[in-house]
Amino acid sequence: MLRHRFVAMCLPLAAGLLAVPTMAEPLDQDDPQDALKIMRKAICSLNDGETVIYWWQGSMFSRVEGERDRKLFGLQGMNIRQCATVRDPQRGEGFRSVSREIMIHLDPETGEVRDSWTNPWTGEELEVIHVANDPVNMRAPIFARRADGKPLTTDYLVINGRAISTGNAPLFYKNPLGGDYQDWVGGSYHAMEMGNEFFYADDLFDGDKPTVAHHSISWSRTSRWLPWMKMGDRNGIVYTATVGGRANSIDELPEPLRTTLRERYPLYAAPPPLDDKRPNETSWEVFKKLMETRKQGGEK
């Protein structure tokens, strides 16, 4: 893996009579303390409590064996987060992030928010359940030393002044919508999330800057049908492809995401508190709670 290396230089001015100050030594990906700073800058900010906003937009498609893929929805989403410093007697200083996020489903032709959807395979008119997960927190803090005692390092690939990372998250666990016999009859939640990040190397590796000025992302995902699509055991998957980056404020979010956030999800205009200890929510868990609430209220 290529590693990023800079050489600090003093450039003479006025025929060597004056010189500019020496540049600070860039953060070293192989140094555990520097790697911790790099990772924290990539996720949020070196400053405790500084709000960082990510956004993304793209499309969701279906894939059913034997038929052409369909573009089901346009997508727009955002995540709002902050980080806090934590300390451990054995592992030293680290950090943890807390966040919440939304993702709305849009008409693939008009780009308008879709709150109802006619299932093209069953013909049933269904309510669209937009993503509104609170919280989406880091499950465990990150320290300069990993849980197994090995030093933390980062492996950003540097090409033409850009620092690039890629990561995959294979997900496979008991589906919260399933019953007590998933080990016998199946029904596990099975998905894959794939992400790439792009920075300017001199921005990311500058230890004097608490955050990055430019950060671009791509995010893709494959999974079984979403629960509100009411597809049961029908063959097929959905997959998404999106791009995005950081926003300086909610005012920079694209429409209709910005207006939808303010009108429907005002809580999501700020991250959770730094000491938030609630368990994370997934879209499947949110859907289950919604259905149970409606059932108790006599709704179908």
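Two strands pair if DSSP finds at least two bridges between them. The exercises below concern a predicted model.

**Exercise 1. Strand 13 and its partners**

Determine which residue of strand 13 stands opposite Glu193, and describe how strand 13 pairs with strand 12 and with strand 14.

Solution.
Step 1. Begin with strand 12, residues 189–200, which runs antiparallel to strand 13 and is joined to it by nine bridges. Since the definition asks for at least two bridges, these nine satisfy it.
Step 2. Within strand 13, the residue opposite Glu193 is Arg221.
Step 3. Turn to strand 14: its pairing with strand 13 is also antiparallel and extends over eight bridges. Here Ser223 stands opposite Val238 of strand 14.
Step 4. Consider the side chains along strand 13, which alternate. One face receives His215, Ile217, Trp219, Arg221 and Ser223, which are buried. The other face receives Ser216, Ser218, Ser220 and Thr222, which are not buried.

**Exercise 2. The disulfide**

Identify the cysteines joined by the disulfide, locate them, and state the handedness of the bond.

Solution.
Step 1. Recall that a disulfide is a covalent bond between the sulfur atoms of two cysteines.
Step 2. The structure holds one disulfide, and its partners are Cys44 and Cys83, with an S to S distance of 1.8 Å.
Step 3. Cys44 belongs to the loop between helix 1 (32–43) and strand 3 (52–63), whereas Cys83 belongs to strand 4; the pair, 39 residues apart, thus links distant parts of the chain.
Step 4. The torsion about the S-S bond of Cys44 and Cys83 is about -100 degrees, and therefore the disulfide is left-handed.
Step 5. Buried means under 20% relative accessible area. Cys44, at 0% relative accessibility, is therefore buried, and so is Cys83, at 1%.

**Exercise 3. An aromatic pair**

Classify the arrangement of the rings of Phe73 and Trp228, and explain why their pairing ties together separate parts of the sequence.

Solution.
Step 1. The whole structure contains nine aromatic pairs. In one of them, that of Phe73 and Trp228, the ring centres are 5.8 Å apart and the planes stand at 65 degrees.
Step 2. Planes over 60 degrees apart count as edge-to-face, and the pair of Phe73 and Trp228 is accordingly edge-to-face.
Step 3. Phe73 lies in strand 4, while Trp228 lies in the loop between strand 13 (215–223) and strand 14 (237–247); the pair therefore ties together parts 155 residues apart in sequence.
Step 4. Phe73 and Trp228 are both buried, and together with Trp117 they form one aromatic cluster.

**Exercise 4. Two asparagines**

Decide whether Asn79 and Asn280 are buried or exposed, and find the polar contacts of their side chains.

Solution.
Step 1. Asn79 is placed in strand 4, residues 70–88. Its relative accessibility is 3%, so Asn79 is buried.
Step 2. The side chain of Asn79 makes polar contacts with the side chains of Arg81, at 3.0 Å, and of Ser99, at 3.1 Å.
Step 3. Beyond four places in sequence, the residues in contact with Asn79 include Val52, Tyr54 and Trp56.
Step 4. Asn280 is placed in the loop between helix 4 (257–264) and helix 5 (283–296). With a relative accessible area of 18%, Asn280 is therefore buried.
Step 5. The side chain of Asn280 reaches the backbone nitrogen of Asn137 at 2.8 Å.

Key:
Residues are numbered from 1 along each chain as its sequence is written. This is a predicted model: local features need pLDDT of at least 70, side-chain atom pairs count only at pLDDT 80 or more; totals for chains, interfaces and linings use all residues. Side-chain values use heavy atoms; hydrogens and water are left out. Helices (H or I, at least four residues) and strands (E, at least two) are DSSP runs, numbered from the N terminus. Buried means under 20% relative accessible area, exposed over 50%, partly exposed in between (1.4 Å probe, protein chains only). A polar contact is a pair of N or O atoms within 3.5 Å; within protein, one must be able to donate a hydrogen and the other to accept it, and residues adjacent in sequence count only if both atoms are side-chain atoms. Contact means heavy atoms within 4.5 Å. Rings of Phe, Tyr and Trp (its six-membered ring) pair if their centres lie within 6.5 Å; planes under 30 degrees apart count as stacked, over 60 as edge-to-face and the rest as tilted. A disulfide is a pair of cysteine sulfur atoms within 2.5 Å.
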